[in-house]
Amino acid sequence: MRRLRGTTGVAVVAAALAACAWPYAAAGQDEGGSPEERAIRAFAAGDYETAEAALRRQLEEDPGNFVAMYNLACVRAMRGDTAEAGEMLIRAVEHGFADIRQLTHDPHLAPLRGDPRYLAIVQRWDEILERRAATDLDRARERFGGGYLYERDERLRLLFASGFSPETTAQCRAEVERIHAWAMEEVFAGTHEELAGAQDAWVLVALPTRRDFERWAFETYGPAARGYTQGIGGHYNHDTKQLVTGDLGASLRHEFMHVLHWRSATRLGQIHPVWVQEGLCALIEDYDPGPDGRPVPAPSWRTNQARFLAEAGKLLKVRDLVSVPREHFTGTRPLAYYGQARALFLFVHARGRLAAWYRHFTEHFREDPTGLASLEAALGMSAEEIDAEYRRWLLSLPKVPEEVRVGSASLGVQIDATGTGEGLTISAFVPRSAAGGLRVGDVITHVDGRAVRDYYELVRVLARRSPGEIVEVGYRRGRLHGTATVTLKRAE
Ligand SMILES: [Zn+2]
């Protein structure tokens with residue numbers, strides 16, 4: 001049996017949301033009285049009859065729900081009906097169920113393990129995954145149409161559906177490769193040799209245009225999403241194996257990290273707490289290129305949030321942060337929790353202990369699923385010492401600029417506030433500034449070769465520069481990509 005993982009991986013971005021109500025978690029979350037919740041409760045209590053009735057009800061309401069089919073297979077198996085259990089399992093797989101570990105380890109399927117239907121599924125697993133990948137790609141084609149690019153990354157087992165140009169799509173694929181290499185070395189080293197193997201289901205990575213993204217957000221999160229879409233950066237659903245991102249920078253990195261992390265957790269048969277899920281993924285949202293070009297997670301607007309809490313004496317003790325339930329974490333004040341979880345991981349990373357922590361955590365998951373004991377072990381400190389040291393470190397961090405300040409370096413352009421996900425659209429020029437060949441409507445995508453997909457990234461890159469310096473600005477104009485040489489102006 002398992003729960004739907006439909007709400008995992010929602011990235012929360014855009015500081016503007018701090019002032020808004022936060023409808024998404026509520027919209028996606030179970031009320032406790034839904035058929036799924038009733039089924040899980042009854043199943044846990046050994047009341048298979050009630051569980052079955054609830055699951056059948058759930059399937060009436062949502063006929064394509066393969067998690068419900070899978071759960072129904074479990075119930076039928078526990079009730080001794082291996083024939084229907086086997087059929088139901090086949091249906092679940094046909095509709096997209098793709099977790100071999102769950103299938104082969106779930107004790108509720110034990111009565112089914114000698115059944116020919118079960119054995120056929122396990123033996124033909126590669127074929128099942130291939131077929132599912134083909135179906136997912138077909139569905140993406142139906143959804144996004146012929147104007148999109150559709151590509152496969154055989155090594156990482158990713159399918160791309162991109163509404164952007166071949167150049168931009170290639171840049172995104174390179175970014176995903178970079179994040180993968182970083183994560184394998186700095187997070188999963190010592191835990192996994194690789195996280196893209198033959199048994200891993202393919203993941204669809206959708207890179208929709210802003211318009212298609214907004215439509216998707218509306219359909220997924222309901223009318224509540226209207227007008228709030230800037231607050232949803234992206235989403236990864238580990239059941240459907242689909243990643244959708246609203247921007248090609250921080251959100252793409254965050255969501256792709258969810259893919260790798262879920263692959264890891266799935267293999268280990270673990271479901272990690274929300275601070276681990278969101279903190280690890282938020283960690284790689286903002287990075288600086290290191291000397292060898294590899295990502296180095298950097299302080300960002302999120303660290304500012306944590307720092308602000310520390311200054312106000314409101315920073316959660318590590319002991320409390322690690323046990324915040326998901327509904328609180330993503331509930332009314334998500335930015336505070338995301339910021340603190342990211343800052344804590346940045347602290348662990350800065351001490352070079354991230355991979356050691358992850359390994360310890362996953363090896364001792366049964367003893368301490370919160371991750372606190374592993375923090376103590378990896379850092380060699382008690383929880384109280386971590387609190388003190390972490391707070392001191394946080395307060396020593398520089399405040400990261402979140403807007404171009406008067407007197408600092410500026411491109412001399414005004415930016416359309418809505419953003420495109422790919423870059424920043426020029427809406428006007430500041431008087432007396434040299435345009436360097438840029439035009440209104442151009443989408444700025446790079447500064448000196450560094451991708452700037454959203455305003456925060458642009459501000460962080462410009463903060464390292466001074467007025468009068470010359471930078472190369474990468475932009476897209478219609479279908480064409482180009483570069484312009486721009487002398488940085490003093491912001492007024
Ligand atoms: Zn997330």
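Two residues are in contact here if their C-beta atoms, placed from the backbone, lie within 7 Å. With that in hand, start with the protein chain as a whole: of its contacts with a separation of 6 or more, 64% are accounted for by residues 24 or more positions apart.

Before you select anything, note that this is a predicted model, in which local features need pLDDT of at least 70 and side-chain atom pairs count only at pLDDT 80 or more, while totals for chains, interfaces and linings use all residues. Residues are numbered from 1 along each chain as its sequence is written.

**Whole chain**

Zoom out. The C-alpha trace of the protein chain spans about 80 × 55 × 40 Å along its principal axes. Its radius of gyration is 24 Å, which agrees with the value near 23 Å for a compact globule of 492 residues; the radius is taken over C-alpha atoms, and the globule rule is 2.2 Å times the number of residues to the power 0.38. Colour by secondary structure and you should find 20 helices and 16 strands; these are DSSP runs numbered from the N terminus, with helices being H or I of at least four residues and strands E of at least two.

**Domains**

Next, select 31–123, 291–400 and 409–490, which are domains 1, 2 and 3; the bounds come from an automatic or database domain assignment. The C-alpha centres of domain 1 and domain 3 are 53 Å apart.

**Two crossing helices**

Now show helix 12 (residues 274–283) and helix 16 (residues 334–350), whose axes come within 8 Å and cross at roughly 70°. That makes helix 12 roughly perpendicular to helix 16, a label for angles of 65 to 115 degrees. Axes are lines fitted to C-alpha atoms, for helices over the stretch in contact, and angles run from 0 to 180 degrees between N-to-C directions. For side chains to display, the residues that meet include Trp275 and Leu283 in helix 12, and Tyr338 and Phe345 in helix 16.

**Two buried residues**

Select Asp200, in the loop between helix 9 (166–186) and strand 4 (203–207). Asp200 is buried, having 21 other C-beta atoms within 10 Å; the cut-off for buried is 20 or more such atoms, again with C-beta atoms placed from the backbone. Leaving aside residues up to four places away in sequence, Asp200 touches Arg157 and Arg263.

Finish at Ile232 in strand 5 (residues 232–237). Ile232 counts as buried because it has 25 C-beta neighbours inside 10 Å. Add Glu214: the C-alpha atoms of Ile232 and Glu214 are 9.5 Å apart, with their positions 18 residues apart in sequence.

Terms used: Buried ≥ 20, exposed ≤ 12 C-beta atoms within 10 Å, placed from the backbone. Parallel < 35°, antiparallel > 145°, perpendicular 65-115°, else oblique.
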